Amino acid sequence: MGGRAARGYVDLPWGQVHYRHGGDPDAPTVLVLHQSPLSSATYEAVVEPLARRGLRVVAPDTPGFGMSDPTPTTWSIPEYAEAAWAFADAVGLGRVHLLGQHTGAVIAAEAAFQQPERVDGVVLQGLPLYDDAERIEKKTVYAPPYEPAEDGSHLRVIRDRVKGLYPRLGVAETDRQVIEYLQTGPDYATAYRAVFDHVVDTDRLDTFPVLLLHGADDLVDRMTSRVTAALPHARLVTIPGGTDFVADEQPEAFADALARYVLREPAHAGGAR
């Protein structure tokens, strides 16, 4: 859960928020919102490459995840988005590019709606767009809680879930995710349920400069055709061979694509789609 990126905590009304950061404070800023039930550790490897390309990166652990304190009540997506702006205010951020992955993408979209005057762009690393039937099914059966056991057998339950989702993960990455599940607690699906209860206003989202950036093997890539149909003005960049953790697996390629968008540089011919 550590790493080489600078880290810190800020005090907010519901508790402390842990975050990673890097880059010149005067550089264009990317506020990174991770997927559930993980943490900003997902982006540890890409902080320095992005800083080298002239960006500032600020990546908090979502309240209740990673090393951030839990929420006092069950939050909705608008409440998570309000918390993202409260965090941004606490660390002195002004205008930002919002980057969100999966759950973080849904939060980022809502955050953009709440304070559009502070948003230079929105980067969605896998936006889950569920229809009504999918939301009901997911809320019913997805991510059941684990039961802590004296003999530690719940560790196998968590590990089996992680490896079932991401069979390509190595031992160190799998161990990190097991730790993240344990830190969140047996009911690690609180933010998932917030997503399943929420409908993204794609018509409104399409009025922002949007980049769809993810690995070609990301689990949410299956929704790409649905997302591009809903966001016809968005630019799509997929990184070949990348999974949900492409920022960790291919940090230079991810940093190249993100920096080109934030700094408004032209895409390289023959590069990522």
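**A walk from the sheet to its helices**

Let's start in the sheet: strand β6 (residues 119-125) and strand β7 (residues 210-215) run parallel and are joined by 3 bridges. Strands and helices here are DSSP runs (E, at least two residues, for strands; H or I, at least four, for helices), numbered from the N terminus. Two strands pair if DSSP finds at least two bridges between them. Within this stretch, Val123 stands opposite Leu211 in β7. Keep in mind that this is a predicted model, where local features need pLDDT of at least 70, side-chain atom pairs count only at pLDDT 80 or more, and totals for chains, interfaces and linings use all residues. Residues are numbered from 1 along each chain as its sequence is written, and side-chain values use heavy atoms, leaving out hydrogens and water.

Now step back to the whole sheet. It is open, has 8 strands with mixed pairing, and follows the order β1-β2-β4-β3-β5-β6-β7-β8. β1 (6-12) and β8 (235-239) sit at the edges with a single partner strand each, so one side of each has no neighbour in the sheet. From one strand to the next, the twist averages 25° (angles run from 0 to 180 degrees between N-to-C directions, with axes fitted to C-alpha atoms, for helices over the stretch in contact).

What lies against the sheet? α1 packs on it, touching β2 (15-22) and β4 (56-60), and its direction makes about 50° with that of β2. Contact means heavy atoms within 4.5 Å.

Finally, follow α1 (residues 44-52) to helix α11 (residues 251-262): their axes come within 9 Å and cross at roughly 45°. That makes α1 oblique to α11 (under 35 degrees counts as roughly parallel, over 145 as roughly antiparallel, 65 to 115 as roughly perpendicular, and the rest as oblique).
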